[in-house]
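Subject: Structure handover

Hi,

Here is the structure you are taking over. My notes on what turned up follow below it.

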Amino acid sequence: MNEIRQIPQASVAIQEGRIAFVGTETEVMNALNGAEILETLDARGCLATPGLIDPHTHLVHGGSREHELALKRAGVPYLEILAQGGGILSTVQATRSASEQELYEKAYQSLNIMLLQGVTTVEAKSGYGLSIEAEQRQLRAAKRLSDNHPLEVVSTFMGAHAVPAEYKGKTNEYVDLVCGMLPQIAQLRLAEFCDVFCEKGVFTVEQSRRILLEAQRNGLLPKIHADEIESLGGAELAGELGAISAEHLLAASDKGLGMLAAGGVIPVLLPGTSFNLGLNKHARARDMIDKFKLPVALATDYNPGSCPTESMQLIMMLASLNLKMTPEEILAACSINAANAIARGDRLGSIEVGKQADIALFDVPNLAYLPYHFGINHTYGVIKNGQAVVWERQLLAPNANI
């Protein structure tokens, strides 16, 4: 994760949305060998990186939860807030009350913020509907967003995000319902992945296994919210199933981390969540990277409760501060590893010949400056699919289809 090739005075040649050549300006001009150049974008003095990828968000939702802030600051545990009908269940009520268009418009504005942060691809989980109709409404909104916004949206079905109020005390019956949703989700092609909140007081390891095996039978790749609060065995389950990613992992055991490595699972770490919740505990990124040789990814966990931020640049700073990651590791975690956490590593996540031309341009002197100088947006420009969509810190894409 520290092996980042840096090219001074670099140029990138783009043809039909793909990277045709990359190297020094002299190397690229020689490679073009007099070919017609239709457009030149001058980003001298900027740092060009792969477009940032946010592989864990809860993008589409109704409402917000700032009214819970006082409870959190008073030290009320999250699971207690959830048991009182707050937390996820509060957002479920707001999401169920919102129309698809309202969900779409709210999320569109968040995507604009993410794009201005240098993000070019984002994963979006459902999980605030917790009924067949409301879950599909979230996923339809996400699909429309991917079709209409410059930023690419990758969908994950997370009907097992919480147990809705009407199924309180009947978790196994709700698991039956979630399993029953999966064939239609797959048939309608509303999601590529299935995620489960495997945690004490939510879904057990066995309930999570049942849902994820049913997802696999229906062609959805498994993801898992694992060991966020307690070491329940979610990481072990992710390794057992060969999940594409395991997410959070603050309480993951050595056995669990070893099983992630054996199963080829990518750990997606969410330092913004532990920061916002005021926790003194953080995911063991250094052990994951140094001891277990895991390809760590980073994400915002953007959601209305535990981490209401769209800023990947804030996450970079927190990864440096609390996860003790180097600037090179942070960039790998926000690009190629994040791409692989959403099955896009073959075409996204690095500036390589043949890959999609998704590039972020930051007005910084070097890579270390990104997590070092925090609290501001360093993005100068963004190229998505070979087209400039942000330039001179301004959105170029029309705010259409809202």
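Tyr128 is a good place to start: it sits in the loop that runs between strand S5 (119-125) and helix H6 (132-148). Keep in mind that this is a predicted model. Tyr128 has 2% relative accessibility, so it counts as buried.

**First annotated set**

UniProt, in an unreviewed entry, lists Tyr128, Asn303 and Gly305 under "binding site". These residues span 178 residues in sequence, yet no two of their C-alpha atoms are more than 11.7 Å apart, so they gather at one spot. Of these, Tyr128 and Asn303 are included in the lining of the largest cavity.

Asn303 is in the loop between S11 and H13. Its relative accessible area is 3%, which means buried. Leaving out residues up to four places away in sequence, Asn303 touches His58, Tyr128 and Pro308.

**Second annotated set**

The unreviewed UniProt entry also gives His56, His58, His225 and Asp301 as "binding site". Here the span is 246 residues in sequence, yet no two of the C-alpha atoms are more than 12.4 Å apart, so these residues too gather at one spot. The lining of the largest cavity includes His56, His58, His225 and Asp301.

Where does His58 lie? The loop between S4 and H2 holds it. His58 is buried, at 2% relative accessibility. Neighbours within four places in sequence aside, its contacts are Lys125, Ser126, Tyr128, Met158, His161, His225, Asp301, Tyr302 and Asn303. So His58 touches Tyr128 and Asn303 from the set above, and also His225 and Asp301 from its own.

Asp301 is in the loop between S11 and H13. Asp301 is buried too, with a relative accessible area of 2%. Beyond four places in sequence, Asp301 touches His56, Thr57, His58, His248, Leu270, Thr273, Ser306 and Cys307.

**Third annotated set**

Another "binding site" listing in the unreviewed UniProt entry covers Arg65, Tyr128, His161, Glu228 and Ser306. Arg65, Tyr128, His161, Glu228 and Ser306 are taken in by the lining of the largest cavity.

Is Arg65 buried or exposed? Arg65 is buried, with a relative accessible area of 5%. Its place is the loop between strand S4 (52-54) and helix H2 (69-73). Residues up to four places away not counted, Arg65 touches Tyr78, Gly87, Ile88, Ser90, Thr91, Pro304, Gly305 and Ser306.

Ser306 belongs to the loop between strand S11 (297-298) and helix H13 (312-322). At 13% relative accessibility, Ser306 counts as buried, because the cut-off is under 20%. With the same sequence neighbours left out, Ser306 touches Arg65, Lys72, Thr273, Asn276, Leu277 and Asp301.

**Helices**

Helix H7 (residues 171-187) packs against helix H8 (residues 205-217) at an angle of about 10 degrees, and their axes are 9 Å apart. The two helices are therefore roughly parallel. On the H7 side, the contact is made by Thr171, Asn172, Val175, Asp176, Val178, Cys179 and Leu182. H8 brings Gln207, Arg210, Ile211, Glu214 and Ala215. By type, the contact residues are six nonpolar, three polar and three charged.

How many residues of helix H14 (residues 327-334) are buried? Six of its eight, so H14 is mostly covered. The buried ones are Glu329, Ile330, Leu331, Ala332, Ala333 and Cys334.

Over to you.

Methods: Residues are numbered from 1 along each chain as its sequence is written. This is a predicted model: local features need pLDDT of at least 70, side-chain atom pairs count only at pLDDT 80 or more; totals for chains, interfaces and linings use all residues. Side-chain values use heavy atoms; hydrogens and water are left out. UniProt positions are given in the numbering used here, feature names are shortened, and annotations may be inferred rather than shown by experiment. On a 1 Å grid over the protein atoms alone, a cavity is a set of points where a 1.4 Å probe fits but cannot get out, and a pocket is an open set with protein on both sides within 12 Å along at least five of seven lines; lining residues have an atom within 4 Å of a point. Helices (H or I, at least four residues) and strands (E, at least two) are DSSP runs, numbered from the N terminus. Buried means under 20% relative accessible area, exposed over 50%, partly exposed in between (1.4 Å probe, protein chains only). Contact means heavy atoms within 4.5 Å. Axes are lines fitted to C-alpha atoms, for helices over the stretch in contact, and angles run from 0 to 180 degrees between N-to-C directions. Angles under 35 degrees count as roughly parallel, over 145 as roughly antiparallel, 65 to 115 as roughly perpendicular and the rest as oblique. Ala, Val, Leu, Ile, Met, Phe, Trp, Tyr, Cys and Pro count as nonpolar, Asp, Glu, Lys and Arg as charged, and the others, Gly among them, as polar.
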